[in-house]
Amino acid sequence: SFKLENLTVGNHVFRISLSREAWDYGLRFQDFEIPIVVKPIPVKLIVNPESFDLMVDDEDDIDAKLYVYRDEEIGDELDPDEVGNITFTSSNSSIVTVDDECNVVAVGEGKTVIIVGYPGNDMYAAAEDVVVEVAEQVKKEKNSNIEYHIGTMIELPRAALSADEIA
């Protein structure tokens, strides 16, 4: 019997060469190869919450766990010591920062994505996106979402005549 360990995801070949004594015992081949394909373990990364609505200077945290996922069913949780540490990356750190302890801090207004994943281990490859929207406090308190463009000006008389359209 043979024990193969530490094979990475991908195609491998296991080669066996028999000694001259094996030939003497009646085995009529000396070398042969066994193809081995190592596939990633099906996993599901569950992230909670899936999105955030924050104000500038708000803080929150992300809970993320990796599970075995087979036949559309979630199985056992995988131990980070076995599969590697989870990572968090903000696609725009001028809007949101996130650290290794899952802490999210809103630092500027806008919309960005936090990528949550287990990089560096192809056996358990998984990633999820968390959408984060950060608003200024006044907009959030007044429950308004006025879109404007810098450099746009509406003249007051025209605005008064078309107030119902603008509203």
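This passage walks through the overall make-up of a predicted protein model, its salt bridges and a charged patch on its surface. As the model is predicted, local features need pLDDT of at least 70 and side-chain atom pairs count only at pLDDT 80 or more, while totals for chains, interfaces and linings use all residues. Residues are numbered from 1 along each chain as its sequence is written, and side-chain values use heavy atoms, with hydrogens and water left out.

A good place to start is the chain as a whole. The protein chain holds five helices and twelve strands; helices (H or I, at least four residues) and strands (E, at least two) are DSSP runs, numbered from the N terminus. Of the 167 residues, 26% are buried, where buried means under 20% relative accessible area, exposed over 50%, and partly exposed in between (1.4 Å probe, protein chains only). The accessible surface comes to about 12500 Å², and carbon and sulfur atoms account for 48% of that surface; accessible areas come from the Shrake-Rupley method with a 1.4 Å probe, and for residues only the protein chains shown count as cover. Among contacts (heavy atoms within 4.5 Å) between residues at least 6 apart in sequence, 51% join residues at least 24 apart.

Next come the charged pairs. Three salt bridges are found in a search of the whole structure, each being a side-chain nitrogen of Lys or Arg within 4 Å of a carboxyl oxygen of Asp or Glu. In one of them, Arg15 pairs with Glu33, with 2.9 Å between the closest N and O atoms. Arg15 belongs to strand E1 (residues 10-17) and Glu33 to strand E2 (residues 31-38), so this pair ties together parts that are 18 residues apart in sequence. Both partners, Arg15 and Glu33, are exposed.

Another salt bridge joins Lys3 and Glu5 at 3.1 Å, N to O. Lys3 counts as exposed because its relative accessibility is 68%. Lys65 and Asp63 also form a salt bridge, their closest N and O atoms lying 3.9 Å apart. Lys65 is partly exposed, at 30% relative accessible area, and Asp63 is partly exposed too, at 38%.

Finally, the surface carries a patch of negative charge made up of Glu77, Asp79, Asp81 and Glu82. Such patches consist of residues with over 30% relative accessible area and no salt bridge, like charges being joined within 9 Å and nonpolar side chains (Val, Leu, Ile, Met, Phe, Trp, Tyr) within 5 Å. For this purpose, Lys and Arg count as positive and Asp and Glu as negative, with His and the chain ends not counted. The place of a charge is taken as NZ of Lys, CZ of Arg, CG of Asp or CD of Glu. Asp79 sits in the loop between strand E7 (73-77) and helix H2 (80-83), and its relative accessibility of 34% makes Asp79 partly exposed.
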